[in-house]
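Let's take a walk through this fold, residue by residue and helix by helix. Have the viewer open and follow along.

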Amino acid sequence: MSRAANRPVRIGPRAAAALVLVTLIGIAAFGWPLLADAQSGLAHSQDAPWLFAALLPLLVAVVVATIADNGMDSKAVAMLGVLAAVGAALRPLGAGTAGLEPMFFLMVLSGRVLGPGFGFVLGSVTMFASALLTGGVGPWMPFQMLALGWFALGAGLLPGPERIRGRAELLMLAAYGFVGSFAYGTIMNLQGWVILQGMGQGVSFHPGDPVSANLARFVAYCLATSLGWDLGRAALTVVLTLTLGATLLKALRRATRKAAFDAPVSFDSGVRGGLDHAPERGTDGDRG
């Protein structure tokens with residue numbers, strides 16, 4: 001049998017369509033309060049159950065579509081479970097301490113090796129499992145699942161998976177982890193900011209105001225409240241990626257190569273030819 005290539009879990013057309021649908025729903029869920037009028041009386045605390053109800057079936061749809069497209073087999077599902085369990089176990093090690101969350105570096109490396117589709121599902125499932133483990137279940141959880149899924153998906157979309165290796169790859173992943181950690185924090189701030197009121201005229205969300213005015217207040221809110229937490233998350237992700245990244249990338253790629261996701265079975269022509277020319281039992285040459 002020919003040696004399988006070391007390649008990520010493939011995204012087929014149905015899985016890609018499901019990912020696009022999840023992303024569009026997520027963008028609408030995060031951003032709609034900026035477009036709501038002052039009399040809407042709506043907030044993310046009310047829409048979170050609806051988002052969660054829509055997100056779980058769509059996540060299942062991504063997995064099912066990927067399996068249907070021959071991109072994810074039982075070995076990939078098993079790896080998904082293992083990595084999600086490891087990520088969920090890593091979160092309590094730093095949660096609540098200056099934004100230190102070691103599971104983010106695992107999402108960067110896993111998304112890089114296993115691809116964007118696998119990365120999105122892994123990020124969302126990991127956040128769900130870690131929320132159950134740490135008791136962090138609340139209206140913020142479906143938004144966290146989406147944000148971490150996007151974070152891991154982005155790592156899978158980084159360029160040059162077959163060309164950029166070694167120190168250059170680690171530096172690229174560390175840079176992505178740094179920027180992506182701030183992006184994650186910023187997206188999650190948008191979820192919480194529209195609920196909080198009475199923080200001051202310069203940083204509070206004003207329903208019905210122009211989007212540009214609210215975005216200016218949002219930037220001020222991020223700088224005043226979460227910059228330190230996002231910096232801690234970003235710095236830890238960079239440090240872990242640069243120190244442990246090479247070892248973990250090698251282990252993930254070895255596991256991916258051995259699992260041979262989506263590898264067709266083929267036989268060398270030489271083996272077939274050897275079988276065709278093998279001597280048969282009972283010939284005169286065998287009797288002699």
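G177 has 0% relative accessibility, so the glycine counts as buried. You'll find G177 in helix α7. Keep in mind that what you're looking at is a predicted model. Skip the sequence neighbours within four places, and G177 is in contact with V108, F151 and T237. There's a long-range pairing here too: the C-alpha atoms of G177 and V238 are separated by 6.3 Å, although the two are 61 residues apart along the chain.

Stay in α7 and move on to S181, another residue of that helix. S181 has a relative accessible area of 0%, which is under the 20% cut-off, so the serine is buried. Who covers it? Beyond the neighbours within four places in sequence, S181 is in contact with F151, Y176, D230, R233, A234 and T237. Notice F151 and T237 in that list, since both also turn up among the contacts of G177.

Further along α7 comes L190. At 14% relative accessibility, L190 still counts as buried. Its C-alpha is 9.9 Å from that of V219, and the two residues are 29 apart in sequence.

R233, one of the contacts of S181, leads us to E101. This glutamate sits in the loop between α3 (74-90) and α4 (103-114). Is E101 buried or exposed? With a relative accessible area of 8%, E101 is buried. Its side chain makes a polar contact of 2.9 Å with the side chain of R233. Leaving out neighbours within four places in sequence, E101 is in contact with R91 and L236 as well as R233.

Step past that loop and you're in α4. How many of its residues are buried? The count is 12 of 12. Among them are M103, F104, F105, S110, R112 and L114, and so is V108, which we met as a contact of G177. The buried residues of α4 pack against α3, α5 (116-134), α6 (141-156), α7 (167-193) and α9. As for geometry, α4 reaches 16 Å from its first C-alpha to its last, close to the 16 Å expected at 1.5 Å a residue. After α4 comes G115, with a positive phi near 100 degrees.

Now for α9, which covers residues 227-259. Try the span check here: the helix has 33 residues, and a straight one would reach 48 Å at 1.5 Å a residue, but the end C-alpha atoms are only 41 Å apart. Where is the bend? α9 has a kink of about 65 degrees, centred on L244. T256 also lies in α9. T256 is buried, with a relative accessible area of 1%. The C-alpha atoms of T256 and K75 are 9.3 Å apart in space, with their positions 181 residues apart in sequence.

For contrast, run the check on α1 (residues 13-31). Its 19 residues should span 27 Å at 1.5 Å a residue, and the end C-alpha atoms are 27 Å apart, which agrees. The buried residues in α1 are A15, A18, L19, V22, G26, A29 and F30. Seen down the helix axis, the buried residues of α1 fall within an arc of 100 degrees, so they line one face. Why does a spacing of three or four places keep turning up in such patterns? An α-helix has 3.6 residues a turn, so residues three or four places apart point the same way. On the other side of α1, P13, L24 and I27 are exposed.

Finally, zoom out to the whole chain. Its secondary structure comes to 11 helices and 0 strands, so to speak a plain run of α after α along the sequence. Of the 288 residues, 45% count as buried. Among contacts with a separation of 6 or more, 81% come from residues 24 or more positions apart; the pairing of E101 with R233 shows two such partners joined by their side chains. As for the outside, the chain exposes about 14,100 Å², with carbon and sulfur atoms supplying 68% of that area.

Definitions and conventions: Residues numbered from 1 in each chain as written. Predicted model: local features only at pLDDT ≥ 70, side-chain atom pairs only at ≥ 80, totals over all residues. Heavy atoms only, no water. Helix = DSSP H or I, 4+ residues; strand = E, 2+ residues; numbered from the N terminus. Expected span 1.5 Å × (residues − 1). Buried < 20%, exposed > 50% of the residue type's maximum accessible area, 1.4 Å probe, protein only. Arc of directions from axis to C-beta. Bend = angle between axes of the 7 residues up to and from the residue. Contact = heavy atoms within 4.5 Å. Areas by Shrake-Rupley, 256 points an atom, 1.4 Å probe, with all protein chains shown as cover. Polar contact = N/O pair within 3.5 Å; in protein donor to acceptor, adjacent residues only side chain to side chain.
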